[in-house]
Amino acid sequence: MESALEGSLAGYIWRHTRRQQIWVLCIVLLSMVPYFLALDLPKRIVNGPLQGHGFDTPEATQTFLHLSLSLPFLGTVEVFPGISLGRTPMLFALSFVFLALVVINGLFKYYINTYKGRLGERLLRRIRFDLVDRVLRFPPATFKRIKPAEIASMVKDEVEPLGGFTGDSFVSPLLLGGQALTALGFIFLQSVLIGSITAALVLVQATLIPRLRKRLLILGRQRQLTAREFAGRVGEIVEGVGTIHAYDTSNLERADIGRRLGIIFRIRYELYQWKFMVKFINSFLAQVTPFLFYSLGGYLTLRGQLDLGQLVAVIGAYKDLPGPMKDLIDWDQARQDVEVKFAQVVGAFTVNPMIRPEVQAVSTAAHPARLPPLAMTNLTLADDSGSVLLHPVNLRLNPAESVALVGKTAGGGEAFAEALGRQIWPSAGRISVGEDNLLDLPEAISGRAITYVAPEPFFLFGTIGDNLLYGLKHAPIGANRSAPADQVTRHWERIEAERAGTPDLDLDCDWTDYASAGVAGPQDLMARVIEVIETAELTEDLLTIALRNRYDLSAEGDLTRRVVQMRGTLVATLEQAGLSGLIIPFDPEAYNEAATVGENLLFGHAVDDRPPGGTVRDTAYFRALIAETGLQTALFDMGREIAANTVDLFGDLPPDHPFFQRLTFMAAEDIPRYDRILQRLQGRSADQATDEDRSDLIALSFHYVEPLHRFGLLTEPLRTRITAFRRRFREGLPAEIAAEIEFYDPARYMTTANLQANLLFGRIDPREATSHERIYEVLRDLLHREGLHDRILAIGLGYHIGTGGKRLTTVQRQKLGLARALMRRSSYFVFNRPLSALDQRHEAQIVQRVMDRLQRETPRPGILWVLSNAAQAGLFDRVILFERGTPVEDGPPATVADKSPLFKELMSA
Amino acid sequence: MLLNEEVQILRQVPLLAGASPAHLKLLAFTSDRLRYEAGATLFRQGEAGDVAYIILSGTADVLVTSPRGEIRVAQVSAPSLVGEISILCDVARTATVRAATPIEVLRVRKEEFLKLMQDFPDVALQVVRVLAGRLARTTAELTEARASQLPAQD
């Protein structure tokens, strides 16, 4: 969709809202009729029924609502003869007419304002869309120069006033100008001299004020620029906060922000000064005119050159002049302001050459199964600074051919792959696909038939599943999946998009291109996903992610029931494997060594992690029970020991010492507080402590896990008493607290725990170094046998990976990037060091798997792989060796190995 | 075994002899206490490593991969430190360590070990002393090996 943003804002508005502007102008003119009638009516009420004009006798009547039109050639046409009314009925009749006019005026105003508002909002929607549309069409190099936050701030904030101005852009000047001219004309009619004086003053006002406001505009522009840069800097701080911490530069950032805010303040303050100065001059000029009327007009009247009636009429008419004049000047100010903003924003969004809109046209067509050979002719690549990444290269890549690019880092292979992936544009030469230039090819072909994998794949905010399928979503091809009730909304969306002139693409459609994934439909997709995940060696990661996190499983049918059923089988299997000792089960009668004292006391989980009314342990019921069972003293002593040990261990360390990260139950700031508590309590028992000290220490005891902290504070009798407490606690439990806790129950799925805890119904012993791997091995086998493995993997697909995939490790991100690419069927696959973060053994294994998989596909795709490890080059048909931006060898791996010592060296590295 | 007992063992590790009991207790507290069954691998040669292990009980084999398979080059028993080369020099594991008997270890993270050396120069000095001692021994062994090879070449 092409829409020219170039030119003035007024032009843009006129082009897109011409018809609506004329319509609203007509409505405004029409609204003048009841408006002036309403102004006229009070006079008639006063003169007529109240003062009695025309009602000279009590029986006298007047015609009401007599309506006739004087038309040229036809003479007077009587529309309505009117009705005769007496004085009192006339009063009421006129009053009701007045009321009716008030309502009509109000309705007109309401209609006009909403209409103008809607007009503005639609145009704003259009401008914003056009801007983002341009971002999507910027050439890749542009993104190295711009800051994301600045672009976002322009699209979001800076264009906002443009919408507000749209409704007034044409109607206001016409209307206000008309009013002012009428008033001026009337003054001229009364006296040419006074009219000329008034006109001269208006002229001064109209020329001087805009000149003064020039400075205001400059300041406004500066304000906009500095604010935008400020937004860019804040965005940069957020993105780079890791580096800021690492190099202790937070204060440099503070200084920079302080400086910027200072500059913004100065500009804004100067703006205020000018604004009110202009206002002062403006109102002075407006007030000086009446002074001239009184002095000069009065003088003329005294001299007899002007009669008093005329002077009064002039003063009366002048009353109507400053209002519209001021509004007109204000409008002009607003106009210049938004014009400047518009020009600036459009300037920032104008890049040459922009990707042509046709290249990105929506295409629901199936992509061509096979692209012809790719030919590079004099392909030259350079970076921003102009240094050459790739010297002119002439190469040909054939369909179904597998090519390994090897060389030292930055040898040219990476840049070559990036150019094929359209991540950088050639500085000279071209890449041809048959007859066409790769860059002129619609993205519907180049973006589907060529799959590019970057070394640092980018992920969108969403789940693993969303990101895996991202490469399949080219066009809304499936049926709309929303509920029938939402169809009304959908209809509205379509109409509104049309009115705002933005394309209507249904987001609720199934965008997944199943053919492109090589499957028949949604029912086969999961099998494909599992296969791809396996190829990218992501299965284990995904299973762990599925088991270790909590998901809403309410839509998973019988899964939770099956998980509970599996508990018994799992125990038996682990016993058989001799591993049952590695799990510490949730046994109501036994203390769980791997859980905290607090968890052991409750034998359950809080339903809400941070309940608004405080935790269960803060309730009076719990506290009373702790005191009653005598556990209070035991836990108090325990807390005291923990505090003493911790103060002893950490007391001398500075609060920002990294060791504090290992201290889970206390913050560095708490150390002095506990130190004071310990000193206060020296030689005292639990009963002698204050309530606050006591609960502070007891709270500490809740976090204690013996195998983790190893202070030796749990005796066997104490363990028994804690287990006994559980029963007491549940026996008399008030209903409102019961609702807050989910107890461990061997027969039920725990929604507050993850799948792992639910399957094992216990904790993995933290003391055993290899317990985790061994248990997961058994668990994996069992899940396979039970047919739950893939279902649980599917749950893992619902894991949210955070912004840019930050909740995954670098290795996982690279594997996911690879898997996302393998979901697609393409003519060519371009892998640009996709597994650089992995160790060599692991990388070799995945390269092998991916090659096996892709070469089994029919038709076989062309593969271009920039290897980080040349040892795998033997898997490919052809090897191209790059050295300092030039391909130095090209041929089958064996031949290249014979000829090139560098390749041999790289192979053995 | 509790913190205090761990400290008793740590005091016998030569590399840590420079640390006071309080420092050792802190090191023990910030480390993970783990058990390995016999035959379990602590780490493999060639892997990147960011932890060291202090063997508190039991014996472990130190193995090196050679063209003829794995060769046992040493056996270490409690109390001793293994895997410290990787965290001190940022190199991949130079050998594989596997439990010969069930063993108990403290797993020490790189950052914490380095921080301990930074904070307590006595520890750092002791580390230098022990490593220099090893280097001297290795050099002596190498000289001897060369010397014994010389007549063979003649």
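**Exercise 1. Which span does helix α8 (residues 250-303) of chain A reach from its first C-alpha to its last, and how many residues has it?**

Solution. The structure is a predicted model, in which local features need pLDDT of at least 70, side-chain atom pairs count only at pLDDT 80 or more, and totals for chains, interfaces and linings use all residues. Residues are numbered from 1 along each chain as its sequence is written, chains are lettered from A and ligands numbered from 1 in the order in which they are written, and side-chain values use heavy atoms, with hydrogens and water left out.

Step 1. Helices (H or I, at least four residues) and strands (E, at least two) are DSSP runs, numbered from the N terminus.

Step 2. Helix α8(A) has 54 residues and reaches 79 Å. The expected span is 1.5 Å times one less than the number of residues, and the 79 Å is close to the 80 Å expected.

Step 3. Just after α8(A), Gly304(A) takes a positive phi of about 85°.

**Exercise 2. Describe how α1(A) packs on α10(A), and α2(A) on α14(A).**

Solution. Two packed helices are described by the angle between their axes and the distance between the axes. Axes are lines fitted to C-alpha atoms, for helices over the stretch in contact, and angles run from 0 to 180 degrees between N-to-C directions.

Step 1. The axes of α1 (residues 9-50) of chain A and α10(A) cross at roughly 90° and come within 9 Å. The two helices are therefore roughly perpendicular, a term for angles of 65 to 115 degrees.

Step 2. Leu9(A), Ala10(A) and Tyr12(A) of α1(A) meet Val338(A), Glu339(A) and Phe342(A) of α10(A); contact means heavy atoms within 4.5 Å. By class, there are five nonpolar, no polar and one charged residues. Here Ala, Val, Leu, Ile, Met, Phe, Trp, Tyr, Cys and Pro count as nonpolar, Asp, Glu, Lys and Arg as charged, and the others, Gly among them, as polar.

Step 3. Helix α2 (residues 87-135) of chain A packs on α14 (residues 487-500) of chain A at an angle of about 80°, with the axes 9 Å apart. That angle makes α2(A) roughly perpendicular to α14(A).

Step 4. From α2(A), Arg122(A), Arg125(A) and Arg126(A) meet Glu496(A), Ala497(A), Arg499(A) and Ala500(A) in α14(A). This contact has two nonpolar, no polar and five charged residues.

**Exercise 3. Locate the cis peptide bonds that precede Pro353(A) and Pro859(A), and the positive phi of Asn378(A).**

Solution. Most residues other than glycine have a negative phi, and most peptide bonds are trans.

Step 1. From Asn352(A) to Pro353(A) the peptide bond is cis, with omega near -5°; Pro353(A) is found in the loop between α10 (322-348) and β5 (374-382) of chain A.

Step 2. Thr858(A) and Pro859(A) are joined by a cis bond with omega about -10°. Pro859(A) is found in the loop between α30 (840-856) and β16 (862-866) of chain A.

Step 3. Asn378(A), in strand β5 of chain A, has a positive phi near 50°.

**Exercise 4. Describe chain B and its interface with chain A.**

Solution.

Step 1. Chain B has five helices and eight strands. Along its principal axes the C-alpha trace spans about 60 × 35 × 25 Å.

Step 2. The contact takes 22 residues from chain B and 23 residues from chain A.

Step 3. About 2100 Å² is buried between the chains, 59% of it given by carbon and sulfur atoms. Buried area is the accessible area (1.4 Å probe) that two parts lose on being put together, summed over both.

Step 4. In chain B, Leu26(B), Phe29(B) and Arg35(B) lose the most area to chain A, together 35% of what that side buries.

Methods
Parallel < 35°, antiparallel > 145°, perpendicular 65-115°, else oblique.
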